[in-house]
Every structure is written in C-alpha cells, then in structure tokens.
Amino acid sequence: MSTTSPKAGRTHELAFLYDTPGPRARRRVRIATLLTVLALAAVVALALRELDQAGQLAADRWTPFLESGIAEYLLVGLRGTLLAAAVVAVLSLPIGALLAVARTSRSTAIRVPAVVYIELFRTVPVLLLIYVMLFALPSYGFNPDVLWKLTIPLVLANSAAFAEIVRAGILSLPRGQTEAGLSLGLRRSQVVRAVVLPQALRNVTPSLVSQLVSLLKDTSLGFVVAFTELLYRAQVLTSYNRLLIQTYLVVTLMYLIVNGSLSFLAARLRARADAPVPPPALATTGTTLMAGEQRG
C-alpha cells in the first residue's frame, strides 16, 4: 500500500488496526461520532448544573488552587508519577520486545518460557502483584524501596502487554522480509534486530503509545504502597482542605494534559514516519547529466 501522501499515510496506519472503512461505513462513523459528542455535551451540561446548584462552582472553592503552596504540593506528586512511569516504560519496552521475539522463536526451549511469562502476567491483576510485593516478599528478606514496590509489579504486567503488541507487529510483516535478510547472508538474530523489529515497532506505534498512557495511569496504584504520586497527594490534600470535587477535577486536568501531550507527540512521530521519502540524490544527479547530454 502506498504511503506517498498524508491521506495514504493515514490509510497505511488504519490498515494495521482494522479494515479500511468504505463510504457507507465512514458515514455511519460520522453519525455515531456526532451522537456521541452530543450525548457527552448533555452529560457535561447536566453535571455543571448540578455542581452549580450545590455551590461547588463558587469562586472561593477554586481560588485555593491558585496558591503557590498547593500548586507546588501537587506538582511534587506529578513528578513522582512521571518518575514511576518513566522507570516502568524504560524497563518494560525492551523486556517486552525480547519476549515478543522469544515467543515467535522456532525453538521450543525459548518460546515456551516466554509464553508462560506473558500469559501469567497478562492475567494476574497488578494490584495482587503489588500486595505480594508489599506483604509476602518482605518476610523472605526482599523489601525494596517504595518506588520499586510500585514499579516492579507494573514492569511485570506491562512488559507482558508490550510483548503482545510487538508480536502483533512482527506477525503483520510479510515473510519475505525475513527471507530477504537471510538471502543476503545475515544471521537470523541480525535479521530480527536490523529488519524485523524496526518495522514491527513502527507499525504498532499507536498501540505502544496507548499502553504508555495506560501504564502512566496505573502509577495511581502508588497510594497502596504510600508512594508519593499525584493521586496519593490529592488524597492527602482532600483530607486537609475538604475540597474533594475541586481537588480531583484539578488532578484530572493534570492527567489530561500529560496524557494528551503524550498522544500528540506520538501523532507527530507517526506523521514524520509516514512522510514521503525524497528521491535519492544520485537519481537526480543522473537525470541532470542525461538532460545536459541531450542539450549538448
């Protein structure tokens, strides 16, 4: 499928998620989108009216959040959220890629352990893993810092999720990619590293970003281990100022800004990857020389 125009680029992206919709399907999607937007607008308007009648929109309930002390208090929590998410992402992505390659291996000794790991940690709730890290392992002498009590269970769960996403990208490639690499004399490990994985990761970039957003939200489980993250700080703040709705709406806005920025960055990276590739300079030079010879 061609990717030489922005429209073709979008079609190329959709082809890895579902079949490209036709004219009738696109019309139904537009109608469903319009109805959904109208329904959401009605729900928001109703919620604002109820909050206004309850006095929750009064100015004196919102002005405390303009004070530097409260803003700094919440920003410290946001920094903890971003730190935990960065640790989980940096560890989960390479582990997930290795698990995906292992699961697609021809060797049973390599493939079976990868399958067991992925299926185990995809099905076990993250909260249960945190409880194991918090209550069971310390009795056996393993009692890490609160950051690692949160991030290790998240790494186990998210690496399994990343593995399945990357495996889908690998399986989306035609077999000819691997066979072409082998025919050039590359070893299978070189083909996977230099040919298969770069294309597979590029194909599943939207899904990887969705998983990154999901793991960032999962860091809100940090309140279980008393890790200083955004939601934990909000919980403590509400017990102090008694502004429950306002505090959690401000925290929701902070999550929306962070996750929205991440999605915007991913869209820009994807657009750059789908941008048309300029013709090689050698071909242009050759054409110029031929034109010069013809004029001469």
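This report describes the helices, three packed helix pairs and four individual residues of a predicted model.

**Overall picture**

The model is a predicted one, and its chain averages a pLDDT of 84, with 85% of the residues scoring at least 70. Confidence is not even along the sequence, since pLDDT stays under 50 over residues 1-14. For that stretch the model has 16 contacts beyond four places in sequence. Where pLDDT is low, the predicted coordinates should not be read in detail.

The secondary structure of the chain comprises twelve helices and zero strands, so that the pattern along the sequence is α-α-α-α-α-α-α-α-α-α-α-α. Of the 296 residues in the chain, 32% are buried. Among the contacts in the chain with a separation of 6 or more, 74% are between residues 24 or more positions apart.

**Helix packing**

Three helix pairs are set out in the table, each with its crossing angle and the distance given for the axes.

| Helix pair | Angle between axes | Axis distance |
|---|---|---|
| α3 and α4 | about 130° | 8 Å apart |
| α4 and α6 | roughly 120° | within 8 Å |
| α8 and α9 | roughly 65° | within 5 Å |

Helix α3 spans residues 68-103 and helix α4 spans residues 108-123. Their axes are oblique to each other, because the angle of about 130° falls outside the ranges for roughly parallel, roughly perpendicular and roughly antiparallel. The crossing in which α3 passes α4 is left-handed. On the α3 side the contact involves Ile 95, Leu 99, Ala 102 and Arg 103, and these meet Ile 110, Arg 111, Ala 114, Val 115, Tyr 117, Ile 118 and Glu 119 in α4. Sorted by class, this contact of α3 with α4 contains eight nonpolar, no polar and three charged residues.

Helix α4 also packs against α6, the helix of residues 146-171, and the axes of α4 and α6 cross at roughly 120°. This pair, too, is therefore oblique, and α4 passes α6 in a left-handed crossing. From α4 the contact takes in Tyr 117, Ile 118, Phe 121 and Arg 122, while α6 contributes Val 155, Leu 156, Ala 157, Ser 159, Ala 160, Ala 163 and Glu 164. The residues of the contact of α4 with α6 comprise eight nonpolar, one polar and two charged. Tyr 117 and Ile 118 of α4 appear in the contact with α3 and again in the contact with α6.

Helix α8 (residues 188-203) and helix α9 (residues 205-218) have axes that cross at roughly 65°, which makes α8 roughly perpendicular to α9. Leu 201, Arg 202 and Asn 203 of α8 form the contact with Thr 205, Pro 206 and Leu 208 of α9. By class, these residues of α8 and α9 divide into three nonpolar, two polar and one charged.

**Two buried residues**

Val 166 is placed in helix α6, and its relative accessible area of 1% means that it counts as buried, because the cut-off for that class is under 20%. Apart from residues up to four places away in sequence, Val 166 touches Ala 97, Ala 100, Leu 197, Ala 200, Leu 201 and Leu 208. Two of these partners, Leu 201 of α8 and Leu 208 of α9, also take part in the contact between those helices. The C-alpha atom of Val 166 is separated by 9.3 Å from that of Thr 205, a residue 39 residues apart from Val 166 along the chain.

Gln 246 lies in helix α11, which covers residues 244-273, and Gln 246 is likewise buried, with a relative accessible area of 1%. With neighbours within four places in sequence left aside, Gln 246 is in contact with Gln 56, Arg 61, Trp 62 and Phe 65.

**Two loop residues with positive phi**

Most residues other than glycine have a negative phi. Ala 226, however, has a positive phi near 60°; Ala 226 sits in the loop between α9 and α10 and is partly exposed, with a relative accessible area of 41%. Arg 242 likewise has a positive phi near 60° and lies in the loop between α10 and α11. With a relative accessibility of 65%, Arg 242 counts as exposed, because that class begins over 50%.

Conventions
Residues numbered from 1 in each chain as written. Predicted model: local features only at pLDDT ≥ 70, side-chain atom pairs only at ≥ 80, totals over all residues. Heavy atoms only, no water. Axes fitted to C-alpha atoms, helices over the stretch in contact; angles between N-to-C directions. Helix = DSSP H or I, 4+ residues; strand = E, 2+ residues; numbered from the N terminus. Parallel < 35°, antiparallel > 145°, perpendicular 65-115°, else oblique. Left-handed = near helix turned anticlockwise from the far one by under 90°. Contact = heavy atoms within 4.5 Å. Nonpolar A, V, L, I, M, F, W, Y, C, P; charged D, E, K, R; others polar. pLDDT = per-residue confidence, 0-100. Buried < 20%, exposed > 50% of the residue type's maximum accessible area, 1.4 Å probe, protein only.
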